[in-house]
Each structure stands twice: as structure tokens, then as C-alpha cells.
Amino acid sequence: MPGRILCSLGLHAWGKKRGYNEYSSNVIEWKQTCTRCGKVKRWIEAKRAR
Ligand SMILES: [Zn+2]
């Protein structure tokens, strides 16, 4: 599959970015999945102070 070559180069086909935030916490947990190889990227972002 040609897409796999791109993935091996680090050029993943990232799908929808999904954020999970809890009202009780001060951070948002983001998650993105590659639609080709299924690799999951996760990162944490601090919420803006209100
Ligand atoms: Zn990929």
C-alpha cells in the first residue's frame, strides 16, 4: 500500500481530532488516530483560565 510508505515516513493521515475535557480538571486530553495505520497520537493541553 502506498499509504504505508507515507506512514513509515511519519506522514500519517490523521483523522478527526477529539478532545476530552472534564469540568473538574484543568486540562483537555486530545486524541487523534491515523486512518491508515491506526497509530494513536495523544497529548494534553491546559485549559485557558477563565
Ligand atoms: Zn499512519
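Colleague: How many bridges join β1 to strand β2, and in which sense do the two strands run?

Modeller: In this predicted model, β1 and β2, the latter covering residues 27-34, run antiparallel and are joined by 6 bridges. The general idea is that a bridge sets one residue of a strand against a residue of its partner, and several such pairs can be named here. Tyrosine 20 has glutamate 29 of β2 as its bridge partner, glycine 19 stands opposite tryptophan 30 in β2, and lysine 17 stands opposite glutamine 32, again in β2.

Colleague: How many residues lie between β1 and β2 in the hairpin that they form?

Modeller: The hairpin of β1 and β2 has 5 residues between the strands.

Colleague: How should I read the pairing of β2 and β3, and over how many bridges does it extend?

Modeller: You read it in the same manner, by asking for the direction and then for the partners. β2 and β3 pair in the antiparallel sense, and the pairing extends over 7 bridges. As for the partners, isoleucine 28 is matched with glutamate 45 in β3, while lysine 31 has arginine 42 of β3 as its bridge partner. The hairpin of β2 and β3 has 5 residues between the strands, and in this hairpin glycine 38 takes a positive phi near 85°.

Colleague: In what order do the strands of the sheet stand, and which of them are the edge strands?

Modeller: The order is β1-β2-β3, in an open sheet of 3 strands with antiparallel pairing. The edge strands are β1, residues 14-21, and β3, residues 40-46, each of which pairs on one side only. From one strand to the next, the twist averages 20°.

Colleague: Are the residues of these edge strands buried or in the open?

Modeller: To read burial, one counts the C-beta neighbours around a residue, and a residue is called buried when there are 20 or more of them within 10 Å. In β3 the number of buried residues is 0 out of 7, so this strand lies largely in the open. β1 is hardly covered either, with a count of 0 buried residues among its 8. For the protein chain, buried residues make up 0% of the 50 residues.

Colleague: Why does threonine 33 count as partly exposed, and which residues is it in contact with?

Modeller: Threonine 33, which has its place in strand β2, counts as partly exposed because it has 18 C-beta neighbours inside 10 Å. If we leave aside the neighbours within four places in sequence, threonine 33 is in contact with Gly15, Gly38 and Val40. Distance in sequence and distance in space are separate readings: threonine 33 and arginine 18 are 15 residues apart in sequence, and their C-alpha atoms are 9.2 Å apart in space.

Colleague: Where is cysteine 37 found, and how far is it from lysine 47 in space?

Modeller: Cysteine 37 is found in the loop between β2 and β3. Cysteine 37 and lysine 47 are 10 residues apart in sequence, and they are 30 Å apart in space, from C-alpha to C-alpha. Cysteine 37 counts as partly exposed because it has 15 C-beta neighbours inside 10 Å. Beyond its neighbours within four places in sequence, cysteine 37 is in contact with Arg4, Cys7 and His12.

Colleague: In what order do the elements of the protein chain run, and why is the chain described as more spread out than a compact globule?

Modeller: The protein chain has 1 helix and 3 strands, and from the N terminus on its elements run α-β-β-β. The radius of gyration of the protein chain is 14 Å, well over the 10 Å that the globule rule gives for 50 residues, so the chain is more spread out than a compact globule. The C-alpha trace spans about 45 × 15 × 10 Å along its principal axes.

Colleague: What share of the contacts joins residues at least 24 apart?

Modeller: Among contacts in the protein chain between residues at least 6 apart in sequence, 23% join residues at least 24 apart.

Methods: Residues are numbered from 1 along each chain as its sequence is written. This is a predicted model: local features need pLDDT of at least 70, side-chain atom pairs count only at pLDDT 80 or more; totals for chains, interfaces and linings use all residues. Two strands pair if DSSP finds at least two bridges between them. Helices (H or I, at least four residues) and strands (E, at least two) are DSSP runs, numbered from the N terminus. Axes are lines fitted to C-alpha atoms, for helices over the stretch in contact, and angles run from 0 to 180 degrees between N-to-C directions. A residue is buried if 20 or more other C-beta atoms lie within 10 Å of its own, exposed if 12 or fewer, and partly exposed in between; C-beta atoms are placed from the backbone. Two residues are in contact if their C-beta atoms, placed from the backbone, lie within 7 Å. The radius of gyration is taken over C-alpha atoms; the globule rule is 2.2 Å times the number of residues to the power 0.38.
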